[in-house]
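Visitor: I should like a close look at a single part of this protein, please. Kindly explain how one helix is placed among its partners, and then how that part stands within the whole.

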Amino acid sequence: MDLLRHAELSRRAVLAAAFVPLVGCAREPSAPAGGAGATAASPTEGGQGSGAPDDEASPSGTPEETGTKDDGEQAAELAGDDPVLLALVAAFTPGWLPPEAPDPEPTRIFDNVTVVGTDFVSATAVETSDGVILIDALESREQAADILVPELRSLGVDPARIKYVVVAHGHADHFGGAQYLADKYGARVLMSPTDWDVAAEDSSPDVPERDLEIADGQRLTLGGTTMRLPYTPGHTPGTVSPIFPVWWNGRRHTAMLWGGTGLPEPTSGKRDYLRSVIDYAALMRRSGVDVELSNHGQTDAGLDRMRALRDGTAGDQNPFVLGRARAQRFMQVLELLVRDKLEG
Ligand SMILES: [Zn+2]
């Protein structure tokens, strides 16, 4: 038992290390205020006149400097007693490791969204009338076979309907099960080109064969559901953070999923991360994002919120629906936490 526990803790340390990746930055010198920012609409998207608002690279996400408080204190203050924001603050505490927790039960968190996985990492299935877009694929072929597939089935999601696996970034805990799903169900695997490169360097035996490349801001449409795939470099140079519609009791909301949480070591990577947080918060505002999701459910109290939904303790409320203002506050807290690390 002790040995098992030791092995488990070691695994966690390794996984937590994966939170802090390698790389500097390969981001396009993107979009300083104004002009060139129109990039977010990709050439592959089929041009629904949505390009318009995208070039407003508003700096309004920048927090005001207030007095002598450092950014970390401001982040904690802004988080207040909000459990979602407090979890985020905790996850940025130096030396933080995901606490041991039981693996969550698979949970339908929206009418069209199911979350499966372990206490450490999750995969998010978005159902459409023409199949499933899966965001991330857990850590390995084994987890895909033993956890992802049966858990999806248990909630009535047919894994054979997975058409796309959108891998948010090129670390093994996100791509590990992707090739299994490609081999077994013919799913196409998507990553940003830079993170295909990151994945290719990984020591995992389950690096998927290079397949589709995500362009910055690309829209992926399946069965009338369109998922937007903006780059949010930082955690890795090609992290992607999807934005997509979700329904709860028949009512439409707009969700974001922050694709990579841990801060990179190099200062340049932290700067990229900060820029991504600010740009993405602006995109969230323009897109009316009111739902916050993560692929690491201990960094945003996601596991607790899943449990509340399953237990019915959330009542009529869906705890993933933060509302637009609170979703913005999530990003403000994240921004302060990154600034704190940049300065510290
Ligand atoms: Zn990662």
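**Helix H2 and its surroundings**

Guide: H2 passes H10 in a left-handed crossing. This description, like everything that follows, refers to a predicted model. The axes of H2 and helix H10, which covers residues 324-343, come within 8 Å and cross at roughly 160°. An angle over 145 degrees counts as roughly antiparallel, and H2 and H10 are therefore roughly antiparallel to each other.

The residues that form this contact can be listed from each side. H2 contributes Asp71, Gly72, Gln74, Ala75, Leu78 and Ala79, while H10 contributes Arg329, Gln332, Val333, Leu336, Leu337, Arg339, Asp340 and Glu343. Sorted by class, the contact of H2 with H10 has six nonpolar, three polar and five charged residues.

One residue on the H10 side deserves separate attention. Asp340 is found in helix H10. Apart from its neighbours within four places in sequence, Asp340 is in contact with Asp70, Asp71, Gly72 and Ala75. Asp340 and Asp70 are 270 residues apart along the chain, yet their C-alpha atoms are separated by 7.0 Å. Is Asp340 buried or exposed? Asp340 counts as partly exposed, because it has 18 C-beta neighbours inside 10 Å, whereas a buried residue needs 20 or more.

H2 has another partner in helix H3. The axes of H2 (residues 71-79) and H3 (residues 83-91) come within 8 Å and cross at roughly 155°. That angle makes H2 roughly antiparallel to H3. The crossing of H2 and H3 is left-handed. Here Ala75, Ala76 and Ala79 of H2 meet Leu85, Leu86 and Val89 of H3. By class, this contact of H2 with H3 has six nonpolar, no polar and no charged residues. Ala75 and Ala79 are among the H2 residues that meet H3, and both are also among those that meet H10.

The view may now be widened to the interior of the protein. The largest nonpolar core has 89 residues, and those with the most contacts inside it are Leu88, Leu134, Ala137, Val165, Val166, Val167 and Val333. Helix H8, residues 267-287, gives the most to this core, with nine residues. Val333 also belongs to the H10 side of the contact with H2. Ala137 offers another example of a core residue with many partners: leaving aside neighbours within four places in sequence, its contacts include Ala123, Ala144, Leu148, Val165, Val167 and Leu181.

Two of these partners of Ala137 lead to a further pair of helices. Helix H4 (residues 141-154) and helix H6 (residues 178-185) pack at an angle of about 65°, with their axes 7 Å apart. That makes H4 roughly perpendicular to H6. Arg141, Ala144 and Ala145 of H4 make the contact with Gln179, Tyr180 and Leu181 of H6. By class, the contact of H4 with H6 has four nonpolar, one polar and one charged residues.

Finally, the part may be set within the whole. The protein chain has 10 helices and 12 strands. Of its 344 residues, 51% count as buried. Among contacts in the chain with a separation of 6 or more, 70% join residues 24 or more positions apart. The pair Asp340 and Asp70, with their positions 270 residues apart along the chain, shows such a separation within the part examined here.

Technical notes. Residues numbered from 1 in each chain as written. Predicted model: local features only at pLDDT ≥ 70, side-chain atom pairs only at ≥ 80, totals over all residues. Axes fitted to C-alpha atoms, helices over the stretch in contact; angles between N-to-C directions. Helix = DSSP H or I, 4+ residues; strand = E, 2+ residues; numbered from the N terminus. Parallel < 35°, antiparallel > 145°, perpendicular 65-115°, else oblique. Left-handed = near helix turned anticlockwise from the far one by under 90°. Contact = placed C-beta atoms within 7 Å. Nonpolar A, V, L, I, M, F, W, Y, C, P; charged D, E, K, R; others polar. Core = buried A, V, L, I, M, F, W, Y, C linked by C-beta atoms within 7 Å. Buried ≥ 20, exposed ≤ 12 C-beta atoms within 10 Å, placed from the backbone.
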